[in-house]
Amino acid sequence: MDLHTPENSAIVLIDHNLGTSLSVQSMDRQALVNNTVALAKIAKRMNVPLVVTNGQDTDPSSTLFPELLSVLGETPVIARYGTFNAWDDADFVAAIERTQRGRLVLAGLWTEVCVMFPALSALDAGYEVSVVVDASAGESVQSQDAALRRLVQAGAVPTTWFSLAAEFARSWANVDKAVALSEIAGEHLATFSLTSQYFQHTLTVPSALATA
């Protein structure tokens with residue numbers, strides 16, 4: 001698989017909702033929300049097509065994370081009617097097809113159900129699939145691990161939100177995307193805060209000098 005780019009990839013967020021997150025045991029819930037919001041920001045700030053789906057707001061799973069909704073803005077949320085596998089929903093597949101991207105980057109809850117099933121279906125349909133493991137979570141560590149092993153065996157590629165962001169940016173010389181990478185990392189990666197401040201200063205210096 002070649003590197004992901006904003007031109008060949010679409011980000012797909014599946015069922016990052018309050019109800020399902022209550023049973024997550026494979027990672028810290030606040031870290032899950034943080035990483036999911038970072039992933040949504042990557043799509044928004046780096047001009048990557050974004051497909052979002054969830055069940056009905058009246059379902060027990062309830063609404064998406066409020067922090068995620070605030071980032072999504074006008075991005076439509078495809079409401080599914082009870083399907084565990086989003087690929088069984090015609091509106092979801094149509095949204096995927098509209099992106100005109102052959103590489104899908106999936107994240108969601110739970111990994112062993114609502115991520116794994118559409119990932120396997122997408123692979124079967126001829127898409128290349130990656131799974132953002134730190135923006136996806138399972139009912140247990142064992143179920144998360146088993147799902148990821150099955151996905152890798154089927155041909156999906158694991159990644160993380162920060163790795164994906166860096167892959168999209170590619171170089172500090174790619175100033176617009178590098179600034180986005182630095183800002184998102186500064187907002188969502190605690191250990192990157194000081195580095196982010198340094199890089200943001202460094203990246204803006206040439207522009208300031210050019211207009212002096």
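This is a dialogue on how to read some features of a predicted model.

Me: Where should I start, and how many helices and strands does the protein have?

Reply: Start with the inventory. The secondary structure comes to nine helices and six strands. The protein has 212 residues, and buried residues make up 50% of them. Its exposed surface is about 9900 Å², of which carbon and sulfur atoms supply 55%.

Me: What share of the contacts with a separation of 6 or more comes from residues 24 or more positions apart?

Reply: The share is 78%. One pair of residues shows how sequence and space can part ways: A166 and T5 are 161 residues apart in sequence, yet their C-alpha atoms are 10.0 Å apart.

Me: Is A166 buried, partly exposed or exposed?

Reply: The label depends on relative accessibility: under 20% is buried, over 50% is exposed, and in between is partly exposed. A166 has 33%, so A166 counts as partly exposed. The residue sits in helix α7, which covers residues 161-169.

Me: K41 is a lysine in helix α2. Is K41 buried or exposed?

Reply: Apply the cut-off again. K41 counts as buried because its relative accessibility is 14%. Helix α2 spans residues 29-45. Beyond the neighbours within four places in sequence, K41 is in contact with M46, V71, I184, E187 and H188.

Me: How do I read the packing of two helices, and at what angle do α2 and α7 pack?

Reply: Look at the angle, the distance between axes and the handedness. For α2 and α7 the angle is about 15° and the axes are 10 Å apart. Angles under 35 degrees count as roughly parallel, so α2 is roughly parallel to α7. The crossing of α2 past α7 is left-handed.

Me: Which residues meet where α2 and α7 come together?

Reply: From α2 they are N35, A38, L39 and I42; from α7 they are W161, L164, A165 and F168. Sorted by class, this contact has seven nonpolar residues, one polar residue and no charged residues.

Me: Next is helix α5. How many of its 14 residues are buried?

Reply: Ten of them are, so the helix is mostly covered. Those buried in α5, residues 111-124, include T111, E112, V113, C114 and V115 at its start, with M116, P118, A119, S121 and A122 also on the list.

Me: What covers the buried residues of α5?

Reply: The cover includes four strands, β1 (9-14), β3 (77-80), β4 (103-108) and β5 (128-132), together with helix α6 (141-154).

Me: Which peptide bond is cis?

Reply: The bond from L109 to W110 is cis, and its omega is near -25°. W110 belongs to the loop between β4 and α5.

Me: Where do residues have a positive phi, and what are the values?

Reply: Check whether the residue is a glycine. G126, just after α5, has a positive phi of about 100°. N47 is not a glycine, yet its phi is positive at about 55°. R170, also other than glycine, has a positive phi near 75°.

Me: Where do N47 and R170 lie, and are they buried, partly exposed or exposed?

Reply: N47 is in the loop between α2 and β2 (50-55). At 61% relative accessibility, N47 counts as exposed. R170 is in the loop between α7 and α8 (175-188). Its relative accessibility is 48%, so R170 counts as partly exposed.

Notes
Residues are numbered from 1 along each chain as its sequence is written. This is a predicted model: local features need pLDDT of at least 70, side-chain atom pairs count only at pLDDT 80 or more; totals for chains, interfaces and linings use all residues. Side-chain values use heavy atoms; hydrogens and water are left out. Buried means under 20% relative accessible area, exposed over 50%, partly exposed in between (1.4 Å probe, protein chains only). Contact means heavy atoms within 4.5 Å. Accessible areas come from the Shrake-Rupley method with a 1.4 Å probe; for residues, only the protein chains shown count as cover. Axes are lines fitted to C-alpha atoms, for helices over the stretch in contact, and angles run from 0 to 180 degrees between N-to-C directions. Angles under 35 degrees count as roughly parallel, over 145 as roughly antiparallel, 65 to 115 as roughly perpendicular and the rest as oblique. A crossing is left-handed if the near helix is turned anticlockwise from the far one by less than a right angle, and right-handed if clockwise. Ala, Val, Leu, Ile, Met, Phe, Trp, Tyr, Cys and Pro count as nonpolar, Asp, Glu, Lys and Arg as charged, and the others, Gly among them, as polar.
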